[in-house]
Amino acid sequence: MKRADTMELLAPAGSIEVFETAVARGADAVYIGAPFFNARELAHHFRMDEIAAMIDFARSRKVRLYLAMNSLVKEGEIGLAVESLAMLEKLQPDGLIIQDLGLYYLLKRYFPKMRVHASTLMAAHNSVAVGQLAAMGFDRVVLPREMSVNEIATIAGNTSVELEVFIHGAMCFSYSGLCLFSSFQGGRSSLRGRCVQPCRRRYTWQGSGRGSRSGYLFSMNDLEGIDLLPDLARAGITSLKIEGRMRSASYVGNVVEAYRTVLDNPPGDEKARKTAAELLAAAMGRKTTRGYFDTATPDNLISHQHSGNIGTFLGKIGNVKGGRVTVKLVAPVSSGDRLRLHQENSGERQAFSLQKVFVNGRGVNRAAAGETISIDLPGQVSAGDSIYRVDVADRKKKGAAAGVRLDRARTKVKAINVSARIEKILDDLGTREKLPAALNRRGKSGGKGGSSPLWFKSDDPNILRQHFLFPPEKVVLLLSRGSYRKFFKMKHTGPLFKRLCWALPPVIDEADLAFYADAISRLTGNGYTDWQIGHIGQLPLFANDKKIRLSAAFTLNTLNSAAARTLSGMGVRTGIFSIETDFDNLRAFCSNRADFRVGMTVYASPPLFTSRFTGPSMEPGRRIKSPKGEDFIISNSWGYTQILPVQPFSLLENSAEVEKSGVDFTVIDLSGIRLTAKTVPDLYKPSGKQKGRKANTFNFLHTLS
């Protein structure tokens, strides 16, 4: 699709019913999840015959169908990914939305005719990053939600690639692609579609300054940009995307019709805007905001007093007797409505269909606002918990289209035979020949208690003044305005300066590109030619200097050998593996990573959220506690809010397992940690002799799901 005066209206669908509704209510295109590899993995899995049927149905109505294949892929899943791509190549969807550099490698090498969209999970947040993705052959880039209209216009003015933005629906507190919170708390990775939404939970401030006040500190209001459609058209946007592949048919239908109504009428048409407002109110979303569209520092993104549940708030639980509770309604409810219970103490939520409603002991089909009802609730419930209506009883509402023909699609899919093609690709990749047992890699001496060379990383130039028991192979220093100024006030003498590798943060705003370009030029001119990129879109910043040696930070989310092949082909032959990995996946990767030199982080306080939101509630240094008693601290690094775990990630006591994985070096990352003269020496002490040190092994000794 080329840039046009009319922007594409792109709707989500998590079921065939929602897909039909979206088409009938006016969507120009629909996106659904690809089987097993989409960032809403908890939603319905479409079968290939269902996908084929929806593609045929969409084409017959001149509607495009895109597949979100935007989950990270583990090493052992490459075969399944190849199988899925081979089938999808035959079915010919209008585009695949991806974030994994391994899927990118497979698509460009073996399925080059398929259109590829860069997911918002790739966090292409400036014109250089978008230009890099365009140069890599992406047909469309889905921009982060954290961008203003002016920033979007700047990017559009510097590229011809199609640009897509989210216009309506849920927002994440963290940049998509940089959220580790769900995974850190129990292995359910948001980057693999299994997010348990820790941002929607209640947290408590710690410390005497704020007492123990609690609130929904990270629960974002819903995005609503319907008043900004003319601005986005002028900015150069190709596609307007509605979030919500887990939302109901009534929600998707109402939102699609609202935006269709405004798009199809002249700008400023009050009648159309009023109709749209009524439709959006009926959709039962959260409180809304224009997000970052107006400014990079909005003040209405979060309502701390609200849980952030979607739907219409019905009331609080009153009396509890067994499983039956009372609720004084603030909005009407009917039997058959889909409700959600929000447990205020734990933050847990549970959806259910309302079977029976009682008023004064009498069964009724409908109760009005102001009435006190009794209902039966499943599971645990306490007085003060909240009830929301998330869908109405008559889900089959106006506009549901008919005609998705599964019978024809089944015949079509059964006739497709791609087994020989799959075998050939897997043989070429060599994924089935390498066995973990063949590994016996050992690096030269230099690590703590092991044989792998050791890298240290920090955001503070004082790392160069630390005392190291064993000389590190590299000292990696994160570049920021603060570290840059501090560095040039130091005397550049000593052996560690010769081992210095500068690192770029994963997010660089458009307004900061000039600073980073100038800093890179000055530092490379001073002989610092080792650099670590935090995002694939930073490669053009080094395009004209052949002396540069590049490595990749763990924020590139390298989780499989195909992703390493992408990096290696672009001149990045060293990288830090995804910090989310488990041992088995890392070991499988090391058996098939070709000429890619890989490191594993063994100590860090990794940013669980990285957010552009820097409101007064995000005061650096403040501690917060989760409903489960976990402690976190708010930090501010290179101008962004980061939420760090108080309990660090550490594999220092698991050196044997790390060595067995086959990595070439290990990394101790002290970013976000205040350095003292004892910081590094203390790391070499046994954990039992370190006061208060209690570590988390993340997913390494468990399973990343």
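Let's start where helices H4 and H12 meet, a crossing that is right-handed. The model you are looking at is a predicted one, so please read each of the following details as a feature of that prediction. Helix H4 covers residues 101-110 and helix H12 covers residues 419-429; their axes come within 12 Å and cross at roughly 115°. On the H4 side, the contact is made by Tyr105, Leu106, Arg109 and Tyr110, while H12 brings Arg421, Ile425, Asp428 and Leu429. Sorted by class, the residues of this contact are 5 nonpolar and 3 charged, with no polar ones.

Now bring in a third helix. H3 spans residues 78-91, and its axis comes within 11 Å of that of H4, with a crossing of roughly 45°. Are these two helices parallel, perpendicular or oblique? Angles under 35 degrees count as roughly parallel and 65 to 115 as roughly perpendicular, and H3 and H4 are therefore oblique to each other. The crossing of H3 with H4 is right-handed. If you highlight the side of H3 that meets H4, you will find Ile78, Ala81, Val82, Leu85 and Glu89, and facing them in H4 are Leu103, Leu106, Leu107 and Tyr110. The class count for this contact is 8 nonpolar and 1 charged, and no polar residue takes part.

The remaining pairing to visit is H3 with H12. Here the axes come within 10 Å and cross at roughly 140°. Because angles over 145 degrees count as roughly antiparallel, H3 and H12 are also classed as oblique to each other. Their crossing is right-handed. H3 contributes Ile78, Gly79, Val82, Glu83, Ala86 and Glu89 to the contact, and H12 contributes Arg421, Ile422, Ile425, Leu426 and Leu429. By class, that makes 7 nonpolar, 1 polar and 3 charged residues.

With the three pairings in view, it is worth tracing a few residues from one contact to another. In H3, Ile78, Val82 and Glu89 touch H4 and also touch H12. In H4, Leu106 and Tyr110 take part in the contact with H12 and in the one with H3. In H12, Arg421, Ile425 and Leu429 meet H4 and meet H3 as well.

Let's turn from the helices to the empty spaces inside the model. How many cavities of 30 Å³ or more are there? The count comes to 7. The largest has a volume of about 380 Å³. Its lining consists of 32 residues, and those closest to its centre are Pro506, Phe554, Thr555, Pro607 and Gln642. Strand S32 (631-637) and strand S33 (640-645) are the elements that give two or more residues to this lining. The lining of the largest cavity divides into 16 nonpolar, 12 polar and 4 charged residues.

The second largest cavity holds about 200 Å³ of space. Its lining has 16 residues, with Leu121, Met122, Thr555, Leu556 and Asn557 nearest the centre. By class, these lining residues are 9 nonpolar, 6 polar and 1 charged. Thr555 is a handy landmark for moving between the two spaces, as it appears among the residues closest to the centre of the largest cavity and among those nearest the centre of the second largest.

Methods:
Residues numbered from 1 in each chain as written. Predicted model: local features only at pLDDT ≥ 70, side-chain atom pairs only at ≥ 80, totals over all residues. Heavy atoms only, no water. Axes fitted to C-alpha atoms, helices over the stretch in contact; angles between N-to-C directions. Helix = DSSP H or I, 4+ residues; strand = E, 2+ residues; numbered from the N terminus. Left-handed = near helix turned anticlockwise from the far one by under 90°. Contact = heavy atoms within 4.5 Å. Nonpolar A, V, L, I, M, F, W, Y, C, P; charged D, E, K, R; others polar. 1 Å grid on protein atoms, 1.4 Å probe; cavity = no way out; pocket = protein on both sides within 12 Å on 5 of 7 lines; lining within 4 Å. Points joined across faces, edges and corners; volume = space filled by probe spheres on them.
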